[in-house]
Amino acid sequence: MTNRLKNRNLCLKGIILLFAASLLSACDKQTVYHSFQSLPTEGWLRKDTLSFDVKVTDSLTYYKLSLEVRNRSNYPYQNLPLSICYTTTDSIPAPADTIQLILADKEGVWKGDGWGGLYQTAVSAGSIRIGKPGTYLFKVAYTLPDDRLQGINDIGIKLKR
């Protein structure tokens, strides 16, 4: 019973440290938007597309978009294919793009930063051009065949100048 409590405390400390590191990195002046959405511990349902409302004030600029994933050690795959798309201020959807996040190597060693069973991985999703200021709706979904995806803790997006 005490090992279980120690593992739980270690996991909690890891989550707190990752949260603090995200807050510190969000102070970057080039970062326009950086946010995570937590997923239920029982799993991410296929029908639950994540939505991020991103307010952009500087237009006619190319922005670097990246996706970030926090996974637990019980995630059953080496990779995570994510579909991402956004809708412009004119409600015109941009074509969806699939980004392949490699979370573990062939031996099953997690590539992300972290410990205590929680790892964070970031990958570039390319550049996008924002035509005019406004609020853009970004949507993220997984493309694996599972109806409920286990082991994903949080999904985040970051937009930088």
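Two strands are said to pair if DSSP finds at least two bridges between them, and this meaning of pairing applies to the legends below, which describe a predicted model.

**View 1. Strands β5 and β9 lie paired in the antiparallel sense.** Strand β5 covers residues 79–87 and strand β9 covers residues 134–142, and the two are joined over six bridges. Within this pairing, T87 stands opposite L137 of β9. As a general point, the strands of a sheet pair through backbone hydrogen bonds, and the pairing may be either parallel or antiparallel.

**View 2. Four strands form an open sheet with antiparallel pairing.** Reading across the sheet, the order of the strands is β3, β9, β5 and β6. The edge strands are β3, made of residues 50–56, and β6, made of residues 97–102, each of which pairs on one side only. From one strand to the next, the twist averages 30°.

**View 3. The protein as a whole contains one helix and 11 strands.** When the chain is followed from the N terminus, the helix comes at the start of the series of elements, and the strands follow it. If contacts are taken between residues at least 6 apart in sequence, 77% of them join residues that are at least 24 apart.

**View 4. The protein has both a buried portion and an exposed surface.** Of the 161 residues in the protein, 40% are buried, where buried stands for a relative accessible area under 20%. The protein exposes about 9,400 Å², and 54% of this area is supplied by carbon and sulfur atoms.

Definitions and conventions:
Residues are numbered from 1 along each chain as its sequence is written. This is a predicted model: local features need pLDDT of at least 70, side-chain atom pairs count only at pLDDT 80 or more; totals for chains, interfaces and linings use all residues. Side-chain values use heavy atoms; hydrogens and water are left out. Axes are lines fitted to C-alpha atoms, for helices over the stretch in contact, and angles run from 0 to 180 degrees between N-to-C directions. Buried means under 20% relative accessible area, exposed over 50%, partly exposed in between (1.4 Å probe, protein chains only). Contact means heavy atoms within 4.5 Å. Accessible areas come from the Shrake-Rupley method with a 1.4 Å probe; for residues, only the protein chains shown count as cover.
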